[in-house]
Amino acid sequence: MTRPIVRFAPSPTGLLHIGNARTALLNALFARREGGTFILRFDDTDTERSKPEFAAAIAEDLAWLGIVPDVVVHQSARVDLYAAVAERLKAVGRLYACYETPDELERRRRLQLGRGLPPIYDRAALALTDEDRARLEGEGRRPHWRFRLEHRVVAWTDLVRGDSHVDCTSLSDPVLVREDGTYLYTLPSVADDVDLTVTHVIRGEDHVTNTAVQMQIFEALGAAVPAFAHHNLLTTASGESLSKRLRHLSLKSLREAGLEPGAVASLAVLVGTAETVRPVARLDELAGLVDFAHISRSPAKFDEGELNHLNAKFVHAMSYDGVRERLAALGVGGGEAFWQAIRTNLTKVADAAAWWPVVHGPLTPVITDAALVGAAAEALPGEPWDGSTWKTWTDTVKGRTGAKGRALFMPLRLALTGVDHGPELAALMPLIGRDRTSRRLRGETA
RNA sequence: GCGCCCUUCGUCUAGCGGUCUAGGACGUUGCCCUUUCACGGCAAAAACACGGGUUCGAGUCCCGUAGGGCGCGCCA
């Protein structure tokens, strides 16, 4: 394949959620694997709702996932291009002036819906004469501009969905330019795709109808039509659309919940595909797994429980070098031995903080069997301690008290760590050290 | 209301007319390991939405029903 040029085009009107991450990752990973170009395009033509802080938050979320755009463009800075494209469409007779008010259009739509008809624009403005237009403008009315669709079936071979078609007969001519001269999504999107020579448009299936319209615009401009890949949408575990639940499933909140970007990326890319959902540590490797033809055509449920589980798998496999700085930031010392001892008990890296006092103190022991713990204190061997100390010690305690199994180990675990679950004590014991162990066995906070 | 798409274990899916007594992964349950919990290993339970048709034969093709997603903006 020649080097593809792709784009992820969020509107900076809110935070990215896991579904957006899926789109962004599919684009970025496809480009990365094919040696192509990944463009981050901010669709900020809606000046009312677009906010610079959302653009910054989006860039931050993408960076967290490991996505670095090759090119960043803001549509708000490219209006000259859109003006030229609008003029070109007027010149080829595909952009026409309309004078209806929003209220009027809304009223007509309701009327059509009430009669069981598709609520499409009736093209009344097409019948306007030059005199009509002159009169309306004389009254101070400014036109908005619609693209005249050809009423025909537009077909393409979708990289995900296969042979696809949309009948444009049942579509309204889209408004491309407002009265105030600002542009609506469709025109800037196509103008940029042409100008930036985008080769593959990879986006959610909510855009399939847009694709038919946009293909007509590409053709009206005499431009090459890119390939399209419409991936399935993600829903919540209960089947709700993601955008309605975005506060909890935003990338920002997932990040703040302490999840690994790799776990989020793995699930975002692999769920709803023929590929097994599993933790994939490197984005390069994840890129190798992207296959449009293996993306399902039906919506997939995104389960937070699954994300936590995937995150745990991720953490269990993380090397000390990979987390050293983050442990330090958590106020956790302990070195590699500590990390090796505790990592398989963690769901999130931040959980490591809970185990630090266990080896470093202070910790208040829980004494459930004073007799056993007392005997254990007396049997405590001298240092140095290593991985075999635990067995030597507990064998001695077992011989003196007759306790075994859970009755032997649980009181010792509770006395040494204060909780009834946790890492292998054989590994923990040398890290706790004889002094602290001894004091905890006597019931002291240490 | 109209249009497009979809419907296999709890979840994500494999399956493109016979090789399906339907395979895998996650989860679940059990067992093993560790003389403890967890980690790890092994094993088991668990699905073709429903009704017609085509065919010697249907999870696979066709029609219908039900359910779901998306779209039908001077949002993107």
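## A colleague's notes on this structure

1. Let's begin with charges: 34 salt bridges are found in the structure. Please keep in mind while reading that this is a predicted model. The next few points look at individual pairs and then move on to the cores, the strands and the aromatic rings.

2. A good pair to look at is Arg 255 with Asp 61, whose side chains form a salt bridge at 2.6 Å, N to O. It ties together distant parts of the chain: Arg 255 belongs to helix α9 (residues 251-256) and Asp 61 to helix α2 (residues 52-65), with 194 residues separating them. Are these two residues buried or exposed? Both Arg 255 and Asp 61 are buried.

3. For a local example, turn to helix α3 (residues 79-91), where Lys 90 and Glu 87 sit three residues apart, about one turn of the helix. An α-helix has 3.6 residues a turn, so residues three or four places apart point the same way. The side chains of Lys 90 and Glu 87 make a salt bridge of 3.2 Å, N to O. Lys 90 has 28% relative accessibility and therefore counts as partly exposed. Glu 87, at 46%, is also classed as partly exposed.

4. Another salt bridge joins the side chains of Glu 285 and Arg 282, with 3.9 Å from N to O. Glu 285 counts as partly exposed because its relative accessibility is 40%. Elsewhere, Arg 7, Arg 41, Asp 43 and Asp 193 are connected into one network by salt bridges that share partners.

5. Now for the nonpolar interior. The largest nonpolar core contains 51 residues, and Ile 18, Leu 25, Leu 65, Val 264, Leu 286 and Phe 292 have the most contacts inside it. Which helix gives the most to this core? Helix α1 (residues 18-34) does, contributing nine residues. A second core, separate from this one, has 38 residues, among them Val 332, Val 358, Ala 415 and Leu 441. In soluble globular proteins, nonpolar side chains tend to be buried together.

6. Leu 286 is worth clicking on. Leaving aside residues up to four places away in sequence, Leu 286 touches Leu 29, Ala 265, Ser 266, Val 269, Leu 270 and Val 280.

7. Next, the aromatic rings, which form five pairs across the whole structure. One of these is Phe 30 with Phe 292, a tilted pair with 5.1 Å centre to centre and 55 degrees between the planes. Here too distant parts of the chain are linked: Phe 30 lies in helix α1, while Phe 292 is in the loop between α11 (283-288) and β12 (300-302), 262 residues apart. Both rings belong to buried residues.

8. Why is the pair of Trp 390 and Trp 393 edge-to-face? The ring centres are 5.9 Å apart and the planes meet at 65 degrees, so the pair falls in that class, for which the planes must be over 60 degrees apart. Trp 390 and Trp 393 share helix α17 (residues 389-401), three residues apart, about one turn of the helix. Trp 390 and Trp 393 are each buried, and together with Phe 409 they make up one aromatic cluster.

9. For strands, try β6 (residues 153-158). Its covered face carries Val 154, Trp 156 and Asp 158, whereas Val 153, Ala 155 and Thr 157 are on the uncovered face. Strand β6 pairs with β7 (residues 162-167) in the antiparallel sense, over six bridges, and a hairpin of three residues joins β6 to β7. Within this pairing, Trp 156 has Ser 164 of β7 as its bridge partner.

10. His 151 is found in the loop between β5 (144-147) and β6. With a relative accessible area of 41%, His 151 counts as partly exposed. Not counting residues up to four places away in sequence, His 151 touches Arg 123, Cys 168, Thr 169 and Leu 171. From His 151 to Ser 172 there are 21 residues in sequence and 10.0 Å in space, C-alpha to C-alpha.

11. Finally, a check on helix geometry. Helix α4 (residues 102-114) has 13 residues, which at 1.5 Å a residue should span 18 Å, and the 18 Å between its end C-alpha atoms agrees. Just after α4 comes Gly 116, with a positive phi of about 75 degrees.

Technical notes. Residues are numbered from 1 along each chain as its sequence is written. Chains are lettered from A and ligands numbered from 1 in the order in which they are written. This is a predicted model: local features need pLDDT of at least 70, side-chain atom pairs count only at pLDDT 80 or more; totals for chains, interfaces and linings use all residues. Side-chain values use heavy atoms; hydrogens and water are left out. A nonpolar core is a set of buried Ala, Val, Leu, Ile, Met, Phe, Trp, Tyr and Cys residues joined through side-chain atoms within 4.5 Å. Buried means under 20% relative accessible area, exposed over 50%, partly exposed in between (1.4 Å probe, protein chains only). Helices (H or I, at least four residues) and strands (E, at least two) are DSSP runs, numbered from the N terminus. Contact means heavy atoms within 4.5 Å. Two strands pair if DSSP finds at least two bridges between them. The expected span of a helix is 1.5 Å times one less than its number of residues. A salt bridge is a side-chain nitrogen of Lys or Arg within 4 Å of a carboxyl oxygen of Asp or Glu. Rings of Phe, Tyr and Trp (its six-membered ring) pair if their centres lie within 6.5 Å; planes under 30 degrees apart count as stacked, over 60 as edge-to-face and the rest as tilted.
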